[in-house]
Amino acid sequence: MSSSSRSSFVLASRASKLAQIQTNIVRDDLETAFPALSFGTSFMTTEGDKNQSQALYLLGGKALWTKELEVALKENEVDMLVHSLKDVPTTLPQGCEIGAILERENPVDSLVVKQGLPYKTLQDLPEGSVVGTSSVRRVAQLRRSFPGLVFLDVRGNLNTRLAKLDAPDGPYTALILAKAGLVRLGFGDRVTADLTAPILYHAVSQGALAVEIRADDQEARKLCKALTHQETQWKCLAERALLRELEGGCSVPVGVSTSLSHIDKSAGELIRATLTITGCVTSLDGSVHVQDTLSQEIESTRDAEELGRNLATKLLSSGAKAILEDITQDRRKRATETETTAE
């Protein structure tokens with residue numbers, strides 16, 4: 001379709017309530033910026049949505065959440081994909097690119113305690129309390145400080161997880177969830193406490209929304225430029241470069257924390273800032289933890305990505321490589337055991 005005749009665009013995402021809310025956020029921003037254009041929405045179920053029984057750790061990479069959507073994008077059935085950036089693989093299919101990264105919500109994880117219980121912090125939980133999370137990153141890091149807690153996988157959308165938490169006969173004392181999702185779904189009042197570094201480093205790109213487009217779609221790229229929040233973009237691209245170098249997927253215990261300071265802008269455009277990024281890799285049992293921080297003045301997204309790669313190199317040479325190799329072996333072993341049991 002030629003640019004002169006193109007007045008409507010279709011945004012697509014997963015069918016979950018949170019994904020729909022996030023897509024509507026992007027649609028509303030586009031409608032505000034481009035009132036003469038029309039923006040529709042389309043929602044579809046991905047493989048990650050269909051498999052709600054198996055632990056994420058055993059399911060593999062992040063393409064579970066994006067593959068079906070990317071097929072529709074490449075076949076020109078839709079024009080833009082709206083993702084939680086933390087769910088997007090660090091290497092995209094050929095012909096696809098990240099067109100926009102929107103301003104980030106608070107990227108921290110939060111503790112959510114079962115309704116009616118008095119506990120206010122993780123430290124308050126009695127030994128043996130069951131804490132639900134599907135993230136090996138959270139479990140690995142928290143086992144270091146809270147060896148007396150029991151961590152149990154919990155799947156399903158946010159409403160389902162909260163229902164499992166609050167069920168009187170349910171096993172969970174608390175859950176750990178991304179704060180951004182809770183806030184966007186209107187459950188911000190359920191946050192008992194935020195879990196911040198150094199207790200818990202958040203996931204790469206957590207809290208940020210991204211728009212994926214076809215690499216040859218110049219018009220969509222122009223629209224996306226109006227959505228991009230540069231401070232978030234620089235931080236998230238550094239984090240994604242770190243993760244890409246570590247070859248970490250959705251269920252690898254890589255945590256990060258990034259900040260920008262000494263921000264310099266010209267005509268509203270970010271031209272220079274000091275980026276500080278901390279990354280960590282933790283063994284599944286929490287016994288081995290490798291962490292480092294780099295800080296540097298940068299002037300572009302390319303500089304941000306280079307800093308992320310440099311941090312990954314430091315982590316790998318400091319012991320992260322051995323941790324990641326052990327995790328890969330453990331996942332293969334447990335996946336094989338699961339297949340054997342299924343037979």
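Which residues are buried in H5? Let's start there, and then walk through the rest of the model together. In H5, the buried residues are Val136, Arg137, Arg138, Val139, Ala140, Gln141 and Leu142. Please keep in mind that what you see above is a predicted model.

So, a little more on this helix. H5 covers residues 136-145, and because 7 of its 10 residues are buried, the helix is largely enclosed by the rest of the structure. Look at the start of H5 as well: there, a side-chain oxygen of serine 135 comes to within 3.3 Å of the backbone nitrogen of arginine 137. And what does H5 lie across? The helix lies across strand E5 (109-113), E7 and E8, and its direction makes an angle of about 120° with E8. Helix H6, residues 158-166, also has E8 beneath it in our story: H6 lies across E5 and E8, running at about 160° to E8.

Let me step back for the overall picture. The protein chain has 343 residues, and 50% of them count as buried. Along the chain there are 10 helices and 13 strands. If we take contacts between residues at least 6 apart in sequence, 71% of them join residues at least 24 apart.

Now to the sheet that goes with H5 and H6. In what order do its strands come? The order is E7-E6-E8-E5-E9, so to speak, five names to keep in your head: these 5 strands form an open sheet with mixed pairing. At the edges are strand E7 (150-152) and strand E9 (193-195), each of which pairs on one side only. On average, neighbouring strands here are turned by 30° against each other, ignoring direction. As one example of the pairing, strand E6 (residues 130-132) runs parallel to E7, with 3 bridges between them. Within that pair, valine 130 has valine 150 in E7 as its bridge partner.

One residue of this sheet deserves a stop: alanine 174. You will find alanine 174 in strand E8, which spans residues 174-178. Buried or exposed, what would you guess for alanine 174? Alanine 174 is buried, with a relative accessible area of 0%. Leaving out neighbours within four places in sequence, the residues in contact with alanine 174 include Leu111, Val112, Val113, Val130, Val131 and Leu165. For valine 112, we can put a distance on it: the two C-alpha atoms are 5.4 Å apart, although the residues are 62 places apart along the chain.

Let's move to the beginning of the chain, with E1 and E2. These strands pair in the parallel sense over 7 bridges. One of the pairings joins arginine 14 to methionine 44 in E2. Between the two strands, the chain passes through helix H1 (residues 17-33), making a right-handed β-α-β crossover. E1 is mostly covered, with 5 of its 7 residues buried.

This region also holds the structure's 1 aromatic pair. How far apart are the ring centres of phenylalanine 9 and phenylalanine 39? The centres are 5.8 Å apart and the planes meet at 20°, so the pair is stacked. Phenylalanine 9 is in strand E1 (residues 8-14) and phenylalanine 39 in strand E2 (residues 38-44), so the pair ties together parts that are 30 residues apart in sequence. Both phenylalanine 9 and phenylalanine 39 are buried.

E1 has another partner, too. E1 and E3 run parallel and are joined by 2 bridges, and alanine 12 has leucine 81 in E3 as its bridge partner. From E3 we can go on to strand E10 (residues 209-214), where 6 of 6 residues are buried. E3 and E10 are antiparallel, with 4 bridges, and histidine 83 stands opposite alanine 210 in E10. E4 pairs with E10 as well, in the antiparallel sense over 5 bridges. There, isoleucine 98 has glutamate 212 in E10 as its bridge partner.

My last stop is threonine 90. Where does it lie? Threonine 90 is in the loop between strand E3 (80-84) and strand E4 (96-101). Its relative accessible area is 15%, and because anything under 20% counts as buried, threonine 90 is buried. Beyond residues up to four places away in sequence, threonine 90 touches Arg240, Leu243 and Arg244.

Thanks for listening!

Note on methods
Residues are numbered from 1 along each chain as its sequence is written. This is a predicted model: local features need pLDDT of at least 70, side-chain atom pairs count only at pLDDT 80 or more; totals for chains, interfaces and linings use all residues. Side-chain values use heavy atoms; hydrogens and water are left out. Buried means under 20% relative accessible area, exposed over 50%, partly exposed in between (1.4 Å probe, protein chains only). Contact means heavy atoms within 4.5 Å. Rings of Phe, Tyr and Trp (its six-membered ring) pair if their centres lie within 6.5 Å; planes under 30 degrees apart count as stacked, over 60 as edge-to-face and the rest as tilted. Two strands pair if DSSP finds at least two bridges between them. A crossover is right-handed if, with the strands pointing away from the viewer, the path from the first strand over the helix to the second runs clockwise. Axes are lines fitted to C-alpha atoms, for helices over the stretch in contact, and angles run from 0 to 180 degrees between N-to-C directions. A polar contact is a pair of N or O atoms within 3.5 Å; within protein, one must be able to donate a hydrogen and the other to accept it, and residues adjacent in sequence count only if both atoms are side-chain atoms.
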